[in-house]
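Please look over the sequence and the three-dimensional structure shown here before reading on. The explanation below is meant to be read beside them.

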Amino acid sequence: QVHVVESGGGLVQAGGSLRLSCVASGSLSLVNTMAWYRQAPGKQRDLVASISSHGIINYGDSVKGRFTISRDNAESSVYLQMNNLKPEDTAVYYCNINGRPSDRWSDADYWGQGTQVTVSS
C-alpha cells in the first residue's frame, strides 16, 4: 500500500519562505509525474507545479519566478521551495504522485492529506 505524506507547512509573513516536502512510502516500481496542488477555502484545487520523471517542469502562472519544484527519485520525494510568499498563497497544499505499485500493472494517482500554508500580510 502506498502512502503520501506532506510536511513543512506553517504560518509565515508576507515576503517569507517555506519549503514543503513530500515522500511516498510503500513499494512503487515506477514513479512518473510528481506535483503540488493547492486549494483555498471555497475555491477549486489548482496545480501549483509539476515535475515529470524526465525533469520537465511546469508552474502555475501565479507562482512562476517565486516557487521551485524539485524531486529525489531515489527517495520518491518531491519538494516545493516557496519564496516571496503572498497572502494569496494561503491554502492547503497537496502532494500528488503518479506511479505504479509493485504488485500492479497499471499506474495510479496518490494524494497526501495536505499541509496548511498561511501567509499573513
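The paragraphs that follow treat a cysteine and its contacts, the salt bridges, two backbone angles and a pocket.

This is a predicted model, in which local features need pLDDT of at least 70 and side-chain atom pairs count only at pLDDT 80 or more, while totals for chains, interfaces and linings use all residues. Residues are numbered from 1 along each chain as its sequence is written, and side-chain values use heavy atoms, with hydrogens and water left out.

A suitable starting point is Cys22, which belongs to strand β3 (residues 18-25). Strands (E, at least two residues) and helices (H or I, at least four) are DSSP runs, numbered from the N terminus. Is Cys22 buried or exposed? Its relative accessible area is 1%, so Cys22 is buried; the term buried means under 20% relative accessible area, exposed means over 50%, and partly exposed lies in between (1.4 Å probe, protein chains only). Leaving aside residues up to four places away in sequence, Cys22 touches Val4, Val5, Glu6, Trp36, Ser76, Ser77, Val78, Cys95 and Ile97, where contact means heavy atoms within 4.5 Å. Leu47 is 25 residues from Cys22 along the chain, and 15 Å separates their C-alpha atoms.

One of the residues that Cys22 touches is Ser76. Ser76 is placed in the loop between β7 and β8 and has a positive phi of about 50°, although it is not a glycine. With a relative accessible area of 16%, Ser76 is buried. A positive phi of about 50° is also found at Asn84, again not a glycine. Asn84 lies in the loop between β8 and β9 and, at 42% relative accessibility, counts as partly exposed.

The next topic is charge. Side chains of opposite charge can pair when their charged atoms come close. How many salt bridges does a search of the whole structure find? The search finds four, a salt bridge being a side-chain nitrogen of Lys or Arg within 4 Å of a carboxyl oxygen of Asp or Glu. In one of them Asp89 is joined to Arg38, with the closest N and O atoms 2.9 Å apart. This pair links distant parts of the chain, since Asp89 is in the loop between β8 (77-82) and β9 (91-101) and Arg38 is in strand β4 (residues 28-39), 51 residues apart. Asp89 also meets Arg66 in a salt bridge, at 2.8 Å from N to O. Arg66 lies in the loop between β6 (57-59) and β7 (67-72) and Asp89 in the loop between β8 and β9, so this pair ties together parts 23 residues apart in sequence.

Arg38, Arg66 and Asp89 are thus linked in a network of salt bridges. The relative accessible area is 1% for Asp89, which is buried; Arg66, at 9%, counts as buried, and Arg38 is buried with 13%. A further salt bridge joins Asp107 and Arg100, whose closest N and O atoms are 2.7 Å apart. Here Asp107 counts as partly exposed at 35% relative accessibility, and Arg100 is partly exposed at 26%.

Arg38 appears once more in the lining of the largest pocket, together with Gln39, Ala40, Lys43, Gln44, Asp46, Ser62, Glu88, Thr90 and Ala91. A pocket is an open set of points on a 1 Å grid over the protein atoms alone, where a 1.4 Å probe fits, with protein on both sides within 12 Å along at least five of seven lines; lining residues have an atom within 4 Å of a point. The volume of the largest pocket is about 160 Å³, a volume being the space filled by probe spheres set on the points, which are joined across faces, edges and corners.
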